[in-house]
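Let's walk through this one together, one question at a time. Here is the model to look at.

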Amino acid sequence: MKEGLATDGAEPLLVANSISRRFISGGRRVTALDDVSITLSAGETLGLLGPSGSGKSTLARVITRLIEPDAGEVSFAGQDWLGLKGSALRRQRRLMQMVFQDPLGAFNPRASVLSAITDPLRIHRLAPRGQWRMRANALLDRVQLPASLLDRGIGEISGGQRQRVALARALACEPRLIVLDEAVSALDVSIRGQILDLLVELQRQDGLAYLFVSHDLAVVKAVAHRVAIMDAGRIVETGPTGRVIAQPSSPMARALIAAVPRLHQERPR
Ligand SMILES: Nc1ncnc2c1ncn2[C@@H]1O[C@H](COP(=O)(O)OP(=O)(O)OP(=O)(O)O)[C@@H](O)[C@H]1O
Ligand SMILES: [Mg+2]
C-alpha cells in the first residue's frame, strides 16, 4: 500500500497552470483542455481520472511535450519546462519519462530487450558502452525480470514483461517523474496488480513521482495519493484519494465510484 506523504512546504516538482488545448476534428472545434491546472510533488502519485475523451491523454501529452498547448505554463524541477529548447531541453527531458498502454508501439518490435533498455544510456550518455549490459541486468532486476530475458526480442515477451521492460527503460534515465497513460489497462487483472505493486515499490525506493492516467478508479486507488477528476476538458474535483472516494463532491466522481461496485469494501492492498 502506498504510504502517506508529507509534502507541506516542499516546492512542487511539477506545476501545470491554466493549460488549454483545442483540436479541429472533422471540421469541428474540440476543447480537449480548458484551463486545467495540476501540481505534483516529489515522491507523490497523482491519479488523473475521467471518462473517455475527457482530456487525460491530451494533458499527459502536453506535460511530456509531445504536443504544445494553446495556452498555459508548466514548470518542472524548478524550470520553465515549456520554454526549454535545444540542449537544455535534452538534458532536462531525461528527468521526465512516459510509459504508454501499449509498449510495443513505443519499441522497435525486432529490438532486443537489451537494446530497448540501454537506448537511453547511449542517447543521454549515462554510461559507457562497456557498462551497458551490467546496467541492463541491474535494471531488469529492479523490475523483477530475470537476466535471461536480455537477449530476447521485445516482440517475443509477454505484455506484462514488456510493460516491465518499458519501466526499466524509463528507470535507466533516472527520472524524477514518470507519466503513465493507461499503463496497466491492457493487462490481465493479476498481472496488473503485480505491476501496481512494483510501481509503489519503485517509488518507495527512489522517491519518484507518478502522473498516473487511468479511467479506472479501482486501479488509481491502489497507487494514487491524490486524484484529479476530469470531465469534458476540465478538472472538476481534486483531493486525497480516500477523501474523494468517501465524500465525492462532483457528479463525475460519483459516476466513477458507482462504476466500481465493491470499491468501499475492497481489502486494502
Ligand atoms: N490529435 C487530435 N486531433 C483531434 N482531436 C483530438 C486529438 N487528440 C485528442 N482529441 C480530442 O480531444 C478530446 C480529448 O481526448 P483525449 O485523448 O485527451 O481523452 P482521454 O481522456 O485520454 O480519453 P481515453 O480515456 O479514451 O483515452 C477528445 O474529444 C478527442 O477526440
Ligand atoms: Mg487517453
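A polar contact here is a pair of N or O atoms within 3.5 Å; within protein, one must be able to donate a hydrogen and the other to accept it, and residues adjacent in sequence count only if both atoms are side-chain atoms. This is a predicted model, where local features need pLDDT of at least 70, side-chain atom pairs count only at pLDDT 80 or more, and totals for chains, interfaces and linings use all residues. Residues are numbered from 1 along each chain as written, ligands are numbered from 1 in written order, and side-chain values use heavy atoms without hydrogens or water.

Q: Which residue has a polar backbone atom 2.8 Å from an oxygen atom of ligand 1?
A: A side-chain N or O atom of Ser52 is 2.5 Å from a ligand 1 oxygen, and a backbone N or O atom of Ser54 lies 3.2 Å from one. The backbone atom at 2.8 Å belongs to Gly53.

Q: Which element gives the most to the shell around ligand 1?
A: Strand E1 (14-25), strand E2 (28-40) and helix H1 (56-63) each supply at least two shell residues (helices, H or I, of at least four residues and strands, E, of at least two are DSSP runs numbered from the N terminus). With three residues, the top contributor is H1.

Q: Why is strand E7 largely enclosed by the rest of the structure?
A: Leu177, Val179 and Asp181 on one side and Ile178 and Leu180 on the other are all buried (under 20% relative accessible area, 1.4 Å probe, protein chains only). E7 is largely enclosed because its buried residues number five of the five.

How values were computed. Buried means under 20% relative accessible area, exposed over 50%, partly exposed in between (1.4 Å probe, protein chains only).
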